[in-house]
Structures are given as C-alpha cells and as structure tokens.
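Welcome! Take a moment to turn the model around on your screen before reading on. Then let us walk through it together.

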Amino acid sequence: MGEIAKFFRIRPVSTPIVAVTGGKGGTGKTTVAVNLAVALEMYGKRVMLVDLDVDCPNDAVLFRKRLENGEEVTFFKPKINTEKCIKCGKCAEVCLENALIYVKDQFPVFFEELCSGCAACKLICPVDAIEEDHKVLGKVYVSEVNGIKLVSGELKPTEARSPLVAFKTKQKTYEVAEKESFDVILVDTAPGVHNPVVRALQGTDFALAVTEPTPLGAHDLGRILDLTKTLGVSTSIVLNRADIKGGFKEIIYNICKKYNVKIVSEIPFDEKLIEAYVRGVPVVKLFPNSPSAKAIFKLAEYISERLK
Amino acid sequence: MSLSSRPKEIVVASGKGGVGKTTVTASLSVFLAKNGHKIVAVDADVDAPNLSITLGGGKRRESREIKISHKAALNPEKCVECGKCVETCRYGAIFQPGRDKVPFIIDILCEGCGACTLVCPAEAIKIEDRRTGELIIEDTKYGFPLVTGRLELGEHNSGHLVTSIKKIGHVEAENVGADLLIVDGAPGIGCPVIASISGASYVIAVTEPTPAAKRDLERLISVIKHFNVPAGIVINKAGISESYRKELKNWIINKLKMPILGEIPVDYEVLRALTHMTPIIECNPSSKAAKAILEISTRVVEKIG
C-alpha cells in the first residue's frame, strides 16, 4: 500500500495539483472547482483548471463557454494486413477482451467496440501482419476563460472507455504545464470511485472531497475516502449545502471522525449560487458578497496557504 | 426461458449525477410493487450504490464475490530489469524507478491485458485473477428483492460488473416470477451506463433545469438513440429555475424530440425522506413531489404496456 502511494504521486511537472472529488454525483464538485479556480485567479494566482469528468464535462458550461477545435483523443486499434496474415489465430488467443475472433483457416475478425487498445495482438503476431491503427475515443480541449487555462477531456458518446480519455487528458495537462508556468492545477473528477477517478487523482498533492449532508452523501464519501487512503492522497472535506432544510450534518461529522479527516469548508445553501449556476457565471464573480461566494473565497485562502 | 417471457428492463439514467435517479427509482419500484407488479430492483450504480439505503436497507440474503478482473503481477526475483514491460504498457501502469531497477506495477492502473507478459524475456510477469466487486441480494421491506453491485475501489471493469448483476437480476426475476427489472443506473455515459442501457426496454432519463444537466441529458440521449431504446424524460427539481425550466422544456420537445413523462417540483420533503431512508411516496405520500412521482410512475406503466 505504501509503495502504491509512492509511485502514484509521480508526475512529470512540479506544479502543485489539487483534485476536487467527492464520491456522490451532484454534490457540487464542478461548482466548487470552477469557483475555486476563479477565486484563486482573483487572488493573483495563475490557474489551470482540468475537467476530468470526461463522461459529462461541465466546467465550460459553468462559464457559458463553447469549446471549439478539440484535439482528438486516440488509442491503438489493430489493422490486419491480410497479405501478411498467416491465419495462425495467435492474436485472438491473447486478446483478453475477445475483440479478435478466430475461426480456423480464416482471417481473424475484429470487433472494434470490444478492443481496449492494449496491442497484445500486435506483439504476438509472428509475421507483423497487425499494423498500428487508432480509434477516436473522445476529444481534449485547451482554452482560456476568465484568465484561467481550461483543459477539458470529453468522451465521445457511445464510447465506453472513460479511463483512457481521462488518462490522455492528464497527459495533455502535463504538456501544457511544461510549456507555461502555473501556480496551481485544479482537477475536477468524475463522481464515483472507479478507474476514471483514479486517473484523475494520479499525481495530485491533495484532494478536496465535496459532499452533502445526506445519508447518500455520507455513504459515497466513505467510499472515496477509502480510495484516497489506498492511493495515499491526503483528503479534506468540503460540506456543500451545509445548512439545507431536511439535511443532517451529524452524519458527515461522524464519517470525518471515523476517517480522521477535516472539514475545511462549509458552503451554505444559497439561492444566489443556483442563479449564477443557471446563468453560467461563477458565483464568486456574479455575487461576490453572497454567503456561498464568501465561503469559497475563504476556501481559496485556505488552499493558497496550503500551497505555500 | 423464451425471449418473449424475459422480464422487461426499465433503466433510470441521467448523465449528470445527483439529479434524482435513485429517488425516482426507489419510489417507482415501491409504486409498481404495490400495484400488482412483480419486480426485481437492480442497483447498477456499482460505484456508489445507494438504492438499498434509499429503500431503508433490506435483509441480506446472499452475497458473492465477482472475480472477472485481471492484473499483472511481477516476480522481482525473475525480473532482469530490462524495462521492456514499461515501454509496452499503453496504460502507463508500470514504472521503473531507474535504470537497472525492478519496475513497479501500479495495480490500480493495470488493465490486465497481458501485453507485458508477451515482451518479458524472463517470464517474470504473470496475469492473475482479481476481485472486480461484490454482488448482494437482499429482500426489501416492500416485498421485492434488490440486487446490488459494489465495485472494488478503483476498478475499471464497472461495465462487466453491471452486466453480471443484471444477469443475476434476471435469474432472481425468474425465481420470484417477476416481469419487470427496475435498474438504477450510474451517472455519466461511459462503460457502466452503456452496460445498463443495452438490453433495456425503456429508459427514464432524469434531468433538472440547469445548463449542466441539459448538456448531460443531450449526451445521454445520443447514447440511448444509438442503442435504439425508447425513452422518456423526467424533469426533477423543476422549480429550481423557472425561466430555465421553460427553455429546457422547449428544447426537449422541439430539438431533442423526446416525450416528457412529468415534472417533479422542488420539495424539501424529498430530502427529509432521504434522511429517513424511506421512499418519498411512502414517507410523505401527500407531498407535492410524491404526487408528481406517482403520476410519472403511472405514465411509465402505460409506456411499457
């Protein structure tokens, strides 16, 4: 476990990276990530915001920004050269996803949607009959909004392999960070605890887990805290809609006690935040004096302090 | 079992997380069970399975391990430190701390494809079977069984796990003579969602009147249309923005050309029901939200015939 943490932290750039995650969907990850990015920019930081919820990337939507000129995210797929193929069937044998099917004395048949792009088939082929081809899994967009560099990964609808799009978007992030200097990289993750979230958490210094005061928020927070513990990513809690009517804060306090993690921000339920969200302007810009914006500015101060 | 007698699958999906999938699924399931349908509920949000909590926690009848994942395991004693595995891994899951050092496989990033085993000159890497997750069957207090999947932390085989638990859902349906599977889907549009939608008879797409939820609904519908599954839309938290709600409705009808099954108003009783771990139609049947969900449920029954 300790060893995983050691290697999991490795990254090619020295810029500090902070992840915004949370387990449950709809707790406010994107809202926190976007507003935190803007608040930090207002405090004079050079910020890169990375949307790694590649299934449903909405950071740009919250800025009312239309993303254009995306670069294709591609991954290996085999192309069988039938002039070279000797119909031995070895490629199908090593394909764990059953994307290559072999019937005796026939050329192997390829099912693209099953292919995971590992290239084992290419490695095993004794006659080099499998050539390097690629399939498009999604897009990655690099843009500038409100003085913030925004990198967004987007899975192509009907494609299944979100982890690979998250992986490639992360690589793009490092590329951009190598060329320009940033004070901080903020990463917005997908909900859940599955592999795309792991990809987003890789190489981060610490994470904020955004949750809400409900039994579902608590349950899923427990799951993400189990995951970040395994990965050795230090995690603090942001309790969103902290005072919402019908909510139940104690349940979150109990989880925090159990996992020995701290709540570093309580964002109150705020109609102004919803209005800003719908209008596509970050609340810290549109209503800087609203209760939710004030809480986010305080969180930005905490982050700045922690990055020192 | 002939194909025609195979229970129908109703899948609740959303794209965006936290718009109310589980709230709708829980109440719809209870409604159907109370109105003469034999159902099996399936929680296909294997990442963050919450249906059991929403239904008040059932009596666990069975749990089993699902072991369909693979990971590469390296034997440092056999390793010749050549680094070929590192170059071969397209998933960046193998690190070599330095030249002539034994590489380290970050288990959680490994896809188990076996490419590294093919290039290793020393047969130092083997592929091992690993746990993908857990499957739990419980009997809910509302008289129907619930099949839940729990994905191992960080796993990437969530789609395979969803397919497995749906299969078990069908076995369970056969056992209890159920004609309907009610599936609570995962957020997003990726692997687990595609696995949920494939084979479904009907999809209920839940959204809310915000630009982010609208964008995610658009993504979800393009996947649903690709798989050619009939679907209807539920607008939850309808009053959260009155102006945007109108815009969203127009867009759904005119651009998306999808039927709207109903709208659920903003109602704090929904949150209260959640904290009481009771579906809203049971917790407070006279609440605005419960009434709306009842209407929607009736419409869903008409749709699936």
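This report looks at chain A as a whole, then at ring pairs, charges, a surface patch and one buried residue.

## Chain A as a whole

Please keep in mind that this is a predicted model. Let us begin with the outline of chain A. Its C-alpha trace spans about 70 × 40 × 35 Å along the principal axes. Chain A contains 12 helices and 11 strands. It has 308 residues, and 60% of them count as buried. The surface that chain A exposes comes to about 12300 Å², with carbon and sulfur atoms supplying 49% of it.

How do the contacts in chain A spread along the sequence? Take the contacts between residues at least 6 apart in sequence: 76% of these join residues at least 24 apart.

## Aromatic rings that meet

Over all chains, the structure holds 5 aromatic pairs. One of them brings together A:Phe7 and B:Phe104: their ring centres are 4.5 Å apart and their planes lie at 15 degrees, so this pair is stacked. Planes under 30 degrees apart count as stacked. A:Phe7 belongs to helix 1 (residues 2-8) of chain A, while B:Phe104 belongs to strand 6 (residues 104-105) of chain B, so the pair joins two chains. Are these two residues buried or exposed? Both A:Phe7 and B:Phe104 are buried.

A further pair is made by A:Phe75 and B:Tyr91. Here the ring centres are 5.8 Å apart and the planes are at 15 degrees, so this pair is stacked. A:Phe75 is found in strand 3 (residues 71-80) of chain A, and B:Tyr91 in the loop between helix 3 (84-88) and strand 5 (94-95) of chain B, so this pair joins two chains. A:Phe75 and B:Tyr91 are both buried.

Rings can also link up in groups. In this model, ring pairs connect A:Phe7, B:Phe95 and B:Phe104 into a cluster.

## Charges over rings

Some rings have a charged partner. The charged end of A:Lys87 sits over the ring of A:Phe107, at 4.5 Å from its centre. A:Arg199, in turn, lies over the face of A:Phe167, 4.3 Å from the ring centre.

## Salt bridges

Now for pairs of opposite charge. The count is 37 salt bridges over all chains. Three of them are set out in this table.

| Residues | Closest N to O distance |
|---|---|
| A:Glu71 and A:Lys172 | 2.9 Å |
| A:Glu175 and A:Lys172 | 3.1 Å |
| B:Arg245 and B:Glu263 | 2.6 Å |

A:Lys172 appears in two rows, with A:Glu71 and with A:Glu175. Where do A:Glu71 and A:Lys172 lie in chain A? A:Glu71 is in strand 3 and A:Lys172 in helix 6 (residues 162-179), 101 residues apart, and the pair links distant parts of the chain. A:Glu175 and A:Lys172, on the other hand, both lie in helix 6 of chain A, 3 residues apart, which is about one turn of the helix.

The residues in these bridges can also be placed by how accessible they are. A:Lys172 is buried, because its relative accessible area is 12% and buried means under 20%. A:Glu71 is partly exposed, with a relative accessible area of 42%. A:Glu175 also counts as partly exposed, at 38% relative accessibility.

In chain B, B:Arg245 is in helix 8 (residues 242-256) and B:Glu263 in strand 13 (residues 260-263); the two are 18 residues apart, and the pair links distant parts of the chain. B:Arg245 counts as partly exposed, at 23% relative accessibility. Salt bridges that share partners also join A:Glu154, B:Arg215, B:Asp216, B:Glu218 and B:Arg219 into one network.

## A nonpolar patch on the surface

Which residues form a nonpolar patch on the surface of chain A? They are A:Ile101, A:Val103, A:Val109, A:Phe111 and A:Leu114, with about 390 Å² of accessible area together. A:Ile101 is part of strand 4 (residues 100-101) of chain A. This residue is partly exposed, with a relative accessible area of 36%.

## A buried residue in chain B

Finally, look for B:Thr25, which is placed in helix 1 (residues 21-34) of chain B. B:Thr25 counts as buried, at 0% relative accessibility. Which residues does B:Thr25 touch, leaving aside its neighbours within four places in sequence? B:Thr25 is in contact with B:Val12, B:Leu51, B:Ile182 and B:Asp184.

Definitions and conventions:
Residues numbered from 1 in each chain as written. Chains lettered and ligands numbered in written order. Predicted model: local features only at pLDDT ≥ 70, side-chain atom pairs only at ≥ 80, totals over all residues. Heavy atoms only, no water. Phe/Tyr/Trp six-rings, centres within 6.5 Å; stacked < 30°, edge-to-face > 60°. Helix = DSSP H or I, 4+ residues; strand = E, 2+ residues; numbered from the N terminus. Buried < 20%, exposed > 50% of the residue type's maximum accessible area, 1.4 Å probe, protein only. Lys NZ or Arg CZ within 6 Å of the ring centre and 35° of its normal. Patch = residues over 30% accessible without salt bridge, like charges linked within 9 Å, V, L, I, M, F, W, Y side chains within 5 Å. Areas by Shrake-Rupley, 256 points an atom, 1.4 Å probe, with all protein chains shown as cover. Salt bridge = Lys/Arg side-chain N within 4 Å of Asp/Glu carboxyl O. Contact = heavy atoms within 4.5 Å.
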